[in-house]
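Thanks for coming. I will put the structure up, then go through a few points about it.

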Amino acid sequence: AGRSSQNSVHDDVAGGTVTGHQFVDRNTTGLHWNRATRASAFVSGLSVFGLGVVWELGQGDRIQRGPAEHTPADDKTLIFPVPHSAGYSSATAK
C-alpha cells in the first residue's frame with residue numbers, strides 16, 4: 001500500500017495536479033506505510049528466525065537424549081530377596 005501511494009503522489013506531481021501541501025500530506029502517508037511495512041517485515045523475519053532456532057534446539061535435545069539407559073536404580077528387584085518362609089505372615093492371611 002505504501003509503495004503504490006508514493007508512486008501515485010509522484011505521478012500526480014509530474015502531471016501538475018497536486019499542490020505543495022497536498023504533496024507533503026500524501027508523501028508523509030506513503031512514507032508512514034513504507035515504515036510500517038518495513039517494521040512488520042522485520043518483526044516477521046525475527047519471528048520466523050526465532051521459531052527456527054527453537055525447532056533446532058528441540059531437535060538437538062531429542063537427538064542428544066537417545067535411548068534410555070538401564071541403571072541399577074531402575075531395577076525393582078531386591079538385593080537380598082526375603083524368603084517366604086521366614087516366619088512372617090501376611091496381613092491378609094487368616
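**Val13, Leu46 and the surface**

I start with one residue: Val13 is partly exposed, because its relative accessible area is 40%, which lies between the 20% and 50% cut-offs. Bear in mind that this is a predicted model. Val13 sits in helix H1, which covers residues 2-15.

What does Val13 touch, leaving out residues up to four places away in sequence? The contacts are Val18 and Phe23. Phe23 is 10 residues from Val13 along the chain, and the C-alpha atoms of the two are 7.4 Å apart.

Now to the other helix. Helix H2 runs over residues 20-65, and Leu46 belongs to it. Leu46 is also partly exposed, because its relative accessibility is 47%. Together with Phe42 and Val43, Leu46 makes a nonpolar surface patch of about 320 Å². With a relative accessibility of 47%, Leu46 is over the 30% that a patch residue needs.

Last, the chain as a whole. The protein chain has two helices and zero strands. Of its 94 residues, 9% are buried. The exposed area of the protein chain is about 8,400 Å², and 63% of that comes from carbon and sulfur atoms.

That is what I had to show.

Terms used
Residues are numbered from 1 along each chain as its sequence is written. This is a predicted model: local features need pLDDT of at least 70, side-chain atom pairs count only at pLDDT 80 or more; totals for chains, interfaces and linings use all residues. Side-chain values use heavy atoms; hydrogens and water are left out. Helices (H or I, at least four residues) and strands (E, at least two) are DSSP runs, numbered from the N terminus. Buried means under 20% relative accessible area, exposed over 50%, partly exposed in between (1.4 Å probe, protein chains only). Accessible areas come from the Shrake-Rupley method with a 1.4 Å probe; for residues, only the protein chains shown count as cover. Patches are made of residues with over 30% relative accessible area and no salt bridge: like charges are joined within 9 Å, nonpolar side chains (Val, Leu, Ile, Met, Phe, Trp, Tyr) within 5 Å. A salt bridge is a side-chain nitrogen of Lys or Arg within 4 Å of a carboxyl oxygen of Asp or Glu. Contact means heavy atoms within 4.5 Å.
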